[in-house]
Structure formats: C-alpha cells, structure tokens
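This briefing covers the sheets, the helices packed on them, and selected surface and buried residues.

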Amino acid sequence: MGLVSEPIQPSELDDLVVRMAGVGVRRGTNDLLAGLDWTVELDERWVVLGPNGAGKTTLLRLAAAELHPTTGEVDLLGERIGRVNIFDLRPRIGFTSAAIAQRVPGDELVKDVVVSAGYAVLGRWREEYDTLDTARATELLDAMGIGHLAERTFGTLSEGERKRALIARSLMTDPEMLLLDEPAAGLDLGGREDLVARLSDLAMDPDAPALVLVTHHV
C-alpha cells in the first residue's frame, strides 16, 4: 500500500489531523507498511481501498494511536506519537473496528455501549453520566437508525445493528477525526447500502470530523 502526499509547508501543519512521514511497521521479518507518507486535513473524507493483507488495518491503528511505527514519524492532531500521552489523545479520535466489537460485553445495554465512550471504557461499571451525556447517546443512536434498540443488550443485535451502535459510540466524544475499519464487513447488500447512506449523510455534514473509511468493497 502506498499513499503519497506532497511536501508539507510549516504553515499548513495546523490544518492536518494526520501526518505520516517515512512510516514503516515491521513484525519479525515482514513489513506490514513501508515508506509511507500520508496526510489528512481537517475537512477531508478519505476512503482507503485494498485487498486483505494490504496493510489497511495497520494504517488505521497508527492513525488511532493504537500502534507505534517501527520507523518514521506519526503526528496526530498536532501531537507526535512517542512524545504525547496517548490516553489523552485517544478520546479525540473516534475509532471502530471488528476488534472493538469483540471486546464489548454481550450483556451491555446498547445505550451504555455508546455513553461509556465518554470514559473511554468498554463495559459500564460505576461511572456517572449526566443528562447531557445520555441525551447525546440517544441522539447518536437515532441518527444511526437504532434509537429503538437503546434498551436492548449488545449481544442480541444483528451484525448491522452492532456496526451502527459502534459508529454512534465512536462519535460520542465529538472527535476531531473518525476512523472506520471495514464498517460494512459481514453485512448483506441491504444492510451495506443502508450503512453507506448514513455514512454519506455524515460525510456531507460540514461540521462532521475528518473521516477515514477503510474497506475492500468498491
């Protein structure tokens, strides 16, 4: 995979949510990514296409501050990875993936899956949330078309409903960047079309965060 951007001028850095320069990720003797240069600006919407094994998920994990590069530099939201507390940085980034879905307790209420993003936890425990938090979670579930499922448990949802619940969760903290890793994977044609339509509405919203969607579907 190669995403190559033009050289960045210092005056343009404030407009970038992602800047990767000469980035590589190696596991053993295998290069998952190598020599990668990539930038994402505040108002951009990206779709990253590629076959399985191309490094798409690795790219998104770098952009989500979930992975450190083996070589090169990664700047996210104006902060250099390796020089910033990533636990302060991660709440500013909305991220959803199959790996996150697998970590959600099956008996967790859907509304709690969303609202608990405010504390960056999976599985509500003893956190306290105010009415603004719960109203925000309800609004996001409605926007994803699953507001009526707020009192259901996550384990009873269909695959498509789980995907939409996790996208609502990823938006809970009003992130500055939204990263979606294969959000339509495992969905039938109807479910995929419905999700794409909702994501299109989000992408066209001028107040929405910078968006990067990874997929192998055209």
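Strands here are DSSP runs of E with at least two residues, numbered from the N terminus. By that numbering, V47 lies in strand 3. The model is a predicted one. Two open sheets are described below, one with antiparallel pairing and one with parallel pairing.

**Antiparallel sheet**
- This open sheet has 4 strands in the order 2-1-4-5, paired in the antiparallel sense.
- Its edges are strand 2 (30-41) and strand 5 (79-80), each of which pairs on one side only.
- Strand 5 is joined to strand 4 (residues 71-76) by 2 bridges in the antiparallel sense.
- D75 has R80, in strand 5, as its bridge partner.
- Helix 1 (residues 56-63) packs on this sheet and touches strand 1 (16-27), strand 2 and strand 4.
- The direction of helix 1 makes about 125° with that of strand 1.

**Parallel sheet**
- The order of the 4 strands in this open sheet is 3-8-7-6, with parallel pairing.
- Strand 3 (45-49) and strand 6 (93-96) are the edge strands, and each pairs on one side only.
- From one strand to the next, the twist averages 10°.
- Strand 7 (residues 177-181) pairs with strand 8 (residues 210-215) over 5 bridges, in the parallel sense.
- Within this pairing, L180 stands opposite L213 of strand 8.

**Helices on the parallel sheet**
- Helix 1, which packs on the antiparallel sheet, also lies across strand 3, strand 6, strand 7 and strand 8.
- Relative to strand 7, helix 1 runs at about 155°.
- Helix 6 (residues 159-170) packs on the parallel sheet too, touching strand 6 and strand 7.
- The direction of helix 6 makes about 165° with that of strand 6.

**V47 and the nonpolar patch**
- V47 counts as exposed because its relative accessibility is 54%, and the cut-off for exposed is over 50%.
- Together with L49 and V218, V47 forms a nonpolar patch on the surface.
- The accessible area of V47, L49 and V218 together is about 370 Å².

**R164 in helix 6**
- R164 is placed in helix 6.
- With a relative accessible area of 17%, R164 is buried, because buried means under 20%.
- Leaving aside neighbours within four places in sequence, R164 is in contact with M144, G145, I146, D194, L195 and R198.

Definitions and conventions: Residues are numbered from 1 along each chain as its sequence is written. This is a predicted model: local features need pLDDT of at least 70, side-chain atom pairs count only at pLDDT 80 or more; totals for chains, interfaces and linings use all residues. Side-chain values use heavy atoms; hydrogens and water are left out. Two strands pair if DSSP finds at least two bridges between them. Contact means heavy atoms within 4.5 Å. Axes are lines fitted to C-alpha atoms, for helices over the stretch in contact, and angles run from 0 to 180 degrees between N-to-C directions. Patches are made of residues with over 30% relative accessible area and no salt bridge: like charges are joined within 9 Å, nonpolar side chains (Val, Leu, Ile, Met, Phe, Trp, Tyr) within 5 Å. Accessible areas come from the Shrake-Rupley method with a 1.4 Å probe; for residues, only the protein chains shown count as cover. A salt bridge is a side-chain nitrogen of Lys or Arg within 4 Å of a carboxyl oxygen of Asp or Glu. Buried means under 20% relative accessible area, exposed over 50%, partly exposed in between (1.4 Å probe, protein chains only).
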